[in-house]
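Thanks for coming. I have one chain to go through this morning, and I will keep to what can be read from the coordinates. Please have a look at the sequence and the structure first.

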Amino acid sequence: MIGHDKIISLRLRGYTPQQVFVTVWNSELEYFPGTHPSQNFQNGFRAAIDVTPRDTGALDFRCLTGLVVHLHGSVEHRVMAIRRQIVRVTPAMVITYLPDRLQIDSFVEQPEFEAS
C-alpha cells in the first residue's frame with residue numbers, strides 16, 4: 001500500500017484531506033518522477049493511496065476514518081475486498097467505482113430536511 005503514510009503524517013499535524021482516492025491496481029506500478037502518491041500534495045494533486053497486487057490480507061486504512069473515499073479498480077472482487085476493509089474504519093462515505101456500476105455508501109448521519 002503506497003501513499004497512506006503521507007496522509008497519516010498530515011493528520012498527525014492536524015491537517016485532514018476532505019477526500020482520498022484509493023486505486024486497486026492489477027499489476028505492479030512503476031512511478032515516473034513526480035507521480036508517486038507520497039508526492040501528490042507537493043505537486044498539487046489529491047490525496048491518494050495505491051493498493052498493489054502484493055497488498056494482501058488485512059491492510060491498515062485507519063487514516064481514512066471520517067473521510068470521503070473514492071475507491072476504484074477494474075477487478076470487482078479485489079475492489080470489494082478492499083471496500084470491506086475501508087468500511088471497518090468508519091469513513092464518512094465510500095464511493096466505489098466499478099466498470100459496470102457506481103455504489104455510494106454514507107456512514108455519517110445525514111440531516112433530515114423538513115418541507116416548508
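I will start with one pair: valine 94 stands opposite aspartate 105 in β5. Strand names here follow DSSP runs numbered from the N terminus, where a strand is E over at least two residues and a helix is H or I over at least four. Two strands count as paired if DSSP finds at least two bridges between them. β4 and β5 run antiparallel and are joined by six bridges.

Before going further, the ground rules. This is a predicted model, in which local features need pLDDT of at least 70 and side-chain atom pairs count only at pLDDT 80 or more, while totals for chains, interfaces and linings use all residues. Residues are numbered from 1 along each chain as its sequence is written, and side-chain values use heavy atoms, with hydrogens and water left out.

Now the overall layout. The protein chain has two helices and five strands, and along the sequence they follow the pattern α-β-β-β-α-β-β.

How are the strands arranged? They make an open sheet of five strands in the order β2-β1-β3-β4-β5, with mixed pairing. The edge strands, each pairing on one side only, are β2 (47-51) and β5 (101-106). Direction ignored, neighbouring strands of this sheet are turned by 15° against each other on average. Helix α2, residues 76-87, packs on the sheet and touches β1 (19-24), β2, β3 (68-73), β4 and β5. Contact means heavy atoms within 4.5 Å. The direction of α2 makes about 175° with that of β4; axes are lines fitted to C-alpha atoms, for helices over the stretch in contact, and angles run from 0 to 180 degrees between N-to-C directions.

As a reminder, strands of a sheet pair through backbone hydrogen bonds, either parallel or antiparallel. Going across from the β2 edge, β1 and β2 pair in the parallel sense over five bridges, with valine 24 opposite valine 51 in β2. β1 and β3 are also parallel, joined by six bridges, and there valine 20 stands opposite valine 69 in β3. Between β3 and β4 there are five bridges, again in the parallel sense, and histidine 72 stands opposite tyrosine 97 in β4.

Next, burial. I call a residue buried under 20% relative accessible area, exposed over 50%, and partly exposed in between, with a 1.4 Å probe and protein chains only. By that rule, 37% of the 116 residues in the protein chain are buried.

Is the edge strand β2 enclosed or open to the outside? Five of its five residues are buried, so β2 is largely enclosed by the rest of the structure. Both faces are covered, with Ala47, Ile49 and Val51 on one side and Ala48 and Asp50 on the other.

In strand β4, take isoleucine 95. Its relative accessibility is 11%, so isoleucine 95 counts as buried. Not counting residues up to four places away in sequence, isoleucine 95 touches Val68, Val69, His70, Leu71, Leu102, Gln103 and Ile104. The C-alpha atoms of isoleucine 95 and valine 68 are 7.7 Å apart, although the two residues are separated by 27 places along the chain.

What about the helix side? Arginine 83 is in helix α2, and it counts as buried because its relative accessibility is 12%. Leaving aside neighbours within four places in sequence, arginine 83 is in contact with residues including Val94 and Asp105, the pair I opened with.

Tyrosine 97 lies in β4, residues 93-98, and is partly exposed, at 34% relative accessible area. Together with Leu102 and Ile104, Tyr97 forms a nonpolar surface patch with about 290 Å² of accessible area.

One backbone item. Most residues other than glycine have a negative phi, and most peptide bonds are trans. Threonine 90 has a positive phi of about 60° although it is not a glycine. Threonine 90 sits in the loop between α2 and β4 and is partly exposed, with a relative accessible area of 46%.

Last, a chain total. Of contacts between residues at least 6 apart in sequence, 67% join residues at least 24 apart. I owe you the terms behind that patch. Patches are made of residues with over 30% relative accessible area and no salt bridge, joining like charges within 9 Å and nonpolar side chains (Val, Leu, Ile, Met, Phe, Trp, Tyr) within 5 Å. A salt bridge is a side-chain nitrogen of Lys or Arg within 4 Å of a carboxyl oxygen of Asp or Glu. Accessible areas come from the Shrake-Rupley method with a 1.4 Å probe, and for residues only the protein chains shown count as cover.
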